[in-house]
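Student: Could we go through this structure together, one question at a time?

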Amino acid sequence: MAEAVAPQVFTRRASGLVRVMSPYSAFIYNVLTMGVIFPWTYIWAPTAFQGSNLTLGIIFAFVFELPIALAYAWLATALPRSGGDYVFQSRVFGGGFGFTVVFAFFVVWILQWVALSGWLLAVLGLAPTFIGLGVTTGIDALTSFGTWCASSGGIITISILNALLSLALLVSGFRNYVRLQYVMWYGILASFAVMLILFFTTNPSAAQGELDGFASAVDGVSNFFATAKAAAADAGVNFDPPFWFFGTLMVAPIAWTSLQWCTYSVEQGGEIKNAHVFRNQVFILAGSLVLTAGLLVLLALAMQKGIGSDGILVASSGYWYGVGEATIGGTFLMPNLIAIALAGSPILIAIIGFGYILNSFQIVCNCYIGTTRIMVAQSLDGLLPEWFSRIHPRWKTPVNAHLAYFLASIPVIVAYNTVDAWVRWTLGVTFANGAVMTLSALAAALLPYRAKAIYEASPGARYTLGGVPLVTVLGTIGFLTGGFMVGSFLFVEGLGLAYSIDALPYWIVVGTAVVGLLVYWTMRTIKAQQGVKVEYAFAEIPPE
Amino acid sequence: MRLLRRKGKAGTEPTRIFYASDIHGSEPTYRKFLNAARFYEVDALVFGGDLMGKLLIPVVRDAGGTWRASLQGRQHHLETPEQLREFTRNLDTLGFYWKEMDPEEYRSYEGDQERIDALFDELARDRLREWVALAEERLAGSHVKVYLCGGNDDTDAVLGALDEERFERVVSCEERIVPLDDEHVLVTVGYSTPTPWLTPRERSDEEIGKIIEGLMREVPDPSRAVLNFHCPPLDSGLDTCMKLDASVWPPAPVIENGQPVYYGAGSESVRRALHDYQPTVGLHGHIHESRGVARYGRTPAFNPGSEYGEGVLRGLIVAIRGGEVVGSQFTSG
């Protein structure tokens with residue numbers, strides 16, 4: 001009888017293909033994209049939903065996002081290509097739908113995040129850092145520079161420089177960004193760790209004293225905390241609210257504005273090494289979600305310990321109710337500013353500030369990285385002019401797409417910081433971005449039926465639940481949880497669009513979708529006149 | 001009877017070409033390639049090289065009527081003929097060859113690269129013959145021709161199957177000038193510049209330049225030529241890939257400052273040909289991850305990339321008329 005053998009593969013001399021960004025780098029990229037040190041949750045939710053439980057709300061957001069992140073793992077392994085959400089939706093729903101949704105709700109609306117990241121850098125990164133350093137060292141010039149950073153002129157200048165620096169870094173080669181990302185990663189982790197330590201090692205009464213001293217040095221006010229608390233109460237803040245479950249549930253969509261970005265690495269799926277390996281994508285997508293949600297919960301607990309419910313409500317009133325007395329140096333009491341006030345040491349302030357500066361720079365970078373990949377994919381599909389997908393022969397990067405996005409961001413930066421009504425007009429940003437991810441969850445649910453061959457060739461095809469593809473189960477749950485949060489942005493007053501008293505922000509959302517549709521229709525018409533159909537870019541040829 | 005439809009001349013309908021390359025033995029991808037003629041309503045199917053698969057999976061019979069095989073680092077134990085069929089169907093999708101053998105036969109191949117290469121050639125030649133027959137069958141009665149050639153990964157012994165007889169719909173176009181329509185010709189060169197993988201059909205850039213020059217001398221009007229050159233032009237963005245260290249086997253990425261180094265792996269001779277002759281269009285493959293378009297004066301050059309391993313056919317539809325590209329569209333089907 002023949003002896004059993006463990007046969008090996010026979011190979012010959014043939015070329016191979018190797019990819020780039022490691023799964024670990026992609027994991028870091030997602031954590032940083034979620035802006036772990038910039039969560040609005042802490043200054044938005046406490047007064048918008050008084051009586052809500054921050055920690056529980058963040059956990060709800062995590063639970064709602066988890067099926068979406070897992071469903072993305074199927075999409076990312078089945079279609080490991082750059083352009084992520086656009087590729088998924090165009091292959092499952094068709095090119096017109098995929099292009100319109102992702103172009104309008106991502107490419108156009110993410111311009112708002114370019115402007116926001118400049119604002120973050122100026123107002124939450126540079127301003128508190130320099131003000132803090134000025135106060136602790138007694139150097140007035142530093143305080144003055146910090147104050148200028150938070151002024152309109154300062155924000156616009158810093159925002160444009162921020163975008164320009166990002167443009168220069170990214171067009172010089174993606175690997176330069178990946179290299180810098182490690183500096184950002186450790187810098188941001190150090191900053192976050194220092195904040196946690198500062199909050200955990202103090203108590204509310206000591207913290208209030210520190211805040212009083214800091215505000216006195218910056219703004220020359222006395223009894224800052226008591227004054228701010230009284231003003232907040234006058235503005236409608238209840239400092240002893242009963243627990244409110246629905247309010248807690250509504251914290252989830254706010255925390256989701258951070259956590260939803262755990263899937264953003266799919267936009268450069270074509271550059272991630274072994275992107276088609278299932279466990280890699282689970283690590284990148286779900287792993288980054290777990291870590292970030294954990295850190296957000298930890299910060300919520302730390303703030304509760306360090307400044308107490310009163311401190312959190314006072315900080316939130318400055319943002320939500322516009323209570324001027326609850327700001328320092330014209331800046332909202334974001335966790336970093338409070339931590340800087342507690343630090344009392346230039347070194348600790350520098351560590352915190354450095355982390356915020358790096359994270360805001362990272363955010364503008366990821367705006368460019370994701371959207372330019374989408375634009376290149378759309379251009380290669382013939383839905384944007386060929387010019388967008390040209391790669392620079394020396395730098396090997398899509399310079400034209402980067403340049404176009406930079407130029408498009410300048411008017412948005414100026415408007416964001418000079419037009420009073422701009423923020424109200426653009427309240428749809430949270431809805432628009434969330435809608436893209438929710439629709440991608442639906443694309444995942446339908447993948448086995450609408451792109452059968454692609455699904456069957458993917459590693460996730462082997463997972464089923466009661467005979468139903470597991471991706472369909474997760475995608476459906478994700479579509480429902482995402483739909484719940486996106487719907488909240490539409491209809492709940494304390495969130496997104498519904499905050500506005502008029503219909504204009506809704507029409508602006510519709511307008512961007514119409515623009516996307518028009519671009520699609522125009523390119524489709526031009527292509528038809530050239531003798532080709534854009535629909536061919538998405539149609540799957542039957543092998544038989 | 002006219003073999004070619006009156007197309008492609010100024011004032012007439014454009015000639016629509018579907019181009020794809022680098023399918024590396026993948027059965028469903030090749031079948032999609034043939035079906036692209038009807039699906040995309042094109043007049044010609046042009047293949048850009050690299051027909052052959054890269055792996056051969058020995059499926060070893062165990063005593064007791066079961067089978068063992070290794071795939072993607074995992075040992076598979078196939079217990080029923082249905083499992084075997086499903087497994088080999090997956091191998092066909094991936095573009096891998098397979099051969100059922102008993103343990104003694106398997107052991108006789110171990111370590112004997114010459115015999116393994118010969119087995120590769122035998123299986124690849126058989127598959128190519130089947131593919132040619134399939135093309136003849138599927139395109140019979142249509143005006144569409146399929147132009148096949150090799151790339152750097154194909155061996156001459158296998159490509160010989162394309163010239164074993166004269167076919168009705170299949171045109172063997174390697175290192176030839178063949179008519180595409182009433183006005184345009186297809187000029188094909190399947191070689192690549194040297195790679196770290198030491199593949200069968202590599203030539204120095206100078207040699208490729210001489211082959212191109214020799215062919216282009218015979219082209220009556222270079223502006224009406226479609227250049228089907230497997231290797232993309234140097235530093236065009238169509239040739240960007242990771243730099244590999246050829247001193248180790250298999251070649252490993254070159255890492256500098258903790259990051260992989262990218263470079264252009266294309267051909268200067270191809271770049272010069274596009275620049276100097278200003279042909280109608282350049283069609284290229286070779287670098288799977290560098291899908292894109294570049295321009296040389298009036299001439300666009302395309303690389304549609306390749307995802308054959310996922311059973312996805314990446315391609316390009318290009319409409320030409322009067323020596324010009326009037327429309328183009330990348331596809332992913």
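Tutor: Happy to; what follows is a short set of questions and answers on this predicted model.

Student: What radius of gyration does chain A have, against what a compact globule would have?
Tutor: Chain A has 544 residues, and for that number a compact globule would come near 24 Å. The C-alpha trace spans about 85 × 60 × 50 Å along its principal axes. The computed radius of gyration agrees with the globule rule, because chain A has 24 Å.

Student: Good. What percentage of the residues of chain A count as buried?
Tutor: Chain A has 21 helices and 5 strands. Among its contacts with a separation of 6 or more, 82% join residues 24 or more positions apart. A residue is buried if 20 or more other C-beta atoms lie within 10 Å of its own, and in chain A the share is 62%.

Student: Which helix gives the largest share of the largest nonpolar core?
Tutor: That core has 293 residues, and those with the most contacts inside it are A:L75, B:L45 and B:Y147. The largest share is 19 residues, from residues 346-380 of chain A, which form helix α15.

Student: And B:L45, which residues does it touch, leaving out those up to four places away in sequence?
Tutor: B:L45 is among the residues with the most contacts inside the core. Its partners are B:F18, B:F33, B:A36, B:A37, B:V144, B:V146 and B:Y147.

Student: Where does the kink in α3(A) lie?
Tutor: Helix α3 covers residues 54-78 of chain A, and 21 of its 25 residues are buried. Its end C-alpha atoms are 36 Å apart, which agrees with the expected span. The kink is about 30° and comes shortly before the proline A:P67, at A:E65.

How values were computed: Residues numbered from 1 in each chain as written. Chains lettered and ligands numbered in written order. Predicted model: local features only at pLDDT ≥ 70, side-chain atom pairs only at ≥ 80, totals over all residues. Core = buried A, V, L, I, M, F, W, Y, C linked by C-beta atoms within 7 Å. Buried ≥ 20, exposed ≤ 12 C-beta atoms within 10 Å, placed from the backbone. Helix = DSSP H or I, 4+ residues; strand = E, 2+ residues; numbered from the N terminus. Contact = placed C-beta atoms within 7 Å. Rg over C-alpha atoms; globule rule 2.2 N^0.38 Å. Expected span 1.5 Å × (residues − 1). Bend = angle between axes of the 7 residues up to and from the residue.
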